[in-house]
Amino acid sequence: MAAIRPRERSAIIQSLRAGVTPRIGLEHIQVGRVNEVKALIEDLDRICEGGSAFRLIIGDFGAGKSFFLQLIRYIALEKGMVAVNADLAPDRRLQASNGQARNLYQELTRNIATRAHPEGNAMIPIIEKFITVQRAEAEKQGKDVEVLIKEKLSSLSELVGGYDFAKVIAAYWRGYNEDNEELKAAAVRYLRGEYSTRTEARNDLDVRTIIDDSSVYDHLKLLARFVVQAGYKGLLVNLDEMVNLYKISNQRSRSANYEQILRILNDCLQGSAEYLGFLLGGTPEFLIDPRKGLYSYEALHSRLAENSFAQIANVVDYTSPVLMLENLHPEELYVLLCNIRNVFAGGDKEKYLLPDEALTAFLQHCSNRIGDAYFRTPRNTIKAFTDLLAILAQNPDLKWQTLIEGINVANESDPSLVTVKNDAASDKDDSNDEDALTAFTL
């Protein structure tokens, strides 16, 4: 196996021990789900060709949804795309009236990444790459750079907020050209959705609109067009923890978010979005619950229902908007543990902390403790294994046989059924809410 850089090794180990997905080095530990990855690569290719894609990535809690989303993000960056990602939370939603949608946009733009900047905060490099391209083109054509920028971005005027978006990019160029750091900072602040009032934005940038709760999706479409103008292949939007929408107690607020998902889905399926893809990660309850899940919204139910012919033939339709993650097989989990052992050793077989028989013994112990859950929802299994390796690395005299028997591996607890009581002003009126008497907080 190839040597692993110390920075990647450290990031992988720390992430796995914390039970979260690493941001880098995914290729060193990826196993299984070949068909799902192939299907998503086809989606990415379609985005790069000017199309769009929409996928719901559904899997049990702890089954590897976040890892899969990060893996596709990594592939998108390698293809020359721009990726943004965020986890939904009570204060981050797709649709709101009290700032939660703008909070989501801010989180997405903080995490904006390219191949050269995989860890995020790539907004400024993207803008400056666009400016560099336009400067070179302006020199060839003998044009003013600002005039050429406005010409290049004129196609954005057909989209909501496109005119002001182009003005902001032109303002960044002026700040860049005149060494005006305040003007550049104001332009970046606008593009990150950090202006809270139109008056402040108008004073700084002479624009009439700002990015607010009602225009988040529109500005994602603008951003997709812009990154293509800057020389990238398209924009991938990763949204994880969609179950937070399912946990909204107020039925009207929840339906408003589902309606936004419907809008995105329709745009992607009908070709209204260009160079743009959405991956949304959630649990089965978020999708199929007839009272609070996506299936409770009839228009979404009809579009997301499983292919009946696939059900009859007992096969998987990998072209469906809903991609149900298959469980890892025990053999694949064994390979995963081998990969993790290799990461701990930095790719050097001579430094392996455990022999092959120890991996088999460890999996057998997990099977005895929690049954099939050790490979169906492997997060806790992986976390326990990395903890074991960490102890052996620090105490080489210890015997793995005695340690394995003492490892406590627990079943994954699924908090997705716990309803979050909203404290936002828009959600306070539950007097006519059909969920008011049935929702509760643990």
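**A walk through the fold, from cores to pockets**

Start with the contacts: among those in the chain with a separation of 6 or more, 72% link residues 24 or more positions apart. Keep in mind that this is a predicted model. The chain is built from 20 helices and five strands, and 53% of its 442 residues count as buried. On the outside, the chain exposes about 20,000 Å², with carbon and sulfur atoms supplying 48% of that.

Now head inside. The largest nonpolar core has 81 residues, and the members touching the most others are L56, L205, I261, F278 and F286. Helix 10 (residues 216-229) chips in the largest share of this core, eight residues. Take F278 for a closer look: leaving out residues up to four places away in sequence, F278 touches A53, F54, R55, Y217, L220, V237, I264 and C268. Apart from the largest core lies another core, this one of 48 residues, including L40, I57, L69 and L354.

Next, the open spaces. The largest pocket holds about 830 Å³. Its lining runs to 43 residues, with V20, T21, S66, F67 and R379 nearest the centre. Helix 3 gives the most to that lining, seven residues, while strand 2 (82-87) and helix 19 (379-394) are among the elements supplying at least two each. By type, the lining splits into 20 nonpolar, 13 polar and ten charged residues.

The second largest pocket offers about 330 Å³. Of its 18 lining residues, E306, N307, S320, V322 and M324 sit closest to the centre. Helix 13 (284-288), helix 15 (308-313) and strand 5 (322-324) each give two or more residues to this lining, which divides into twelve nonpolar, three polar and three charged.

Conventions: Residues numbered from 1 in each chain as written. Predicted model: local features only at pLDDT ≥ 70, side-chain atom pairs only at ≥ 80, totals over all residues. Heavy atoms only, no water. Core = buried A, V, L, I, M, F, W, Y, C linked by side-chain atoms within 4.5 Å. Buried < 20%, exposed > 50% of the residue type's maximum accessible area, 1.4 Å probe, protein only. Helix = DSSP H or I, 4+ residues; strand = E, 2+ residues; numbered from the N terminus. Contact = heavy atoms within 4.5 Å. Areas by Shrake-Rupley, 256 points an atom, 1.4 Å probe, with all protein chains shown as cover. 1 Å grid on protein atoms, 1.4 Å probe; cavity = no way out; pocket = protein on both sides within 12 Å on 5 of 7 lines; lining within 4 Å. Points joined across faces, edges and corners; volume = space filled by probe spheres on them. Nonpolar A, V, L, I, M, F, W, Y, C, P; charged D, E, K, R; others polar.
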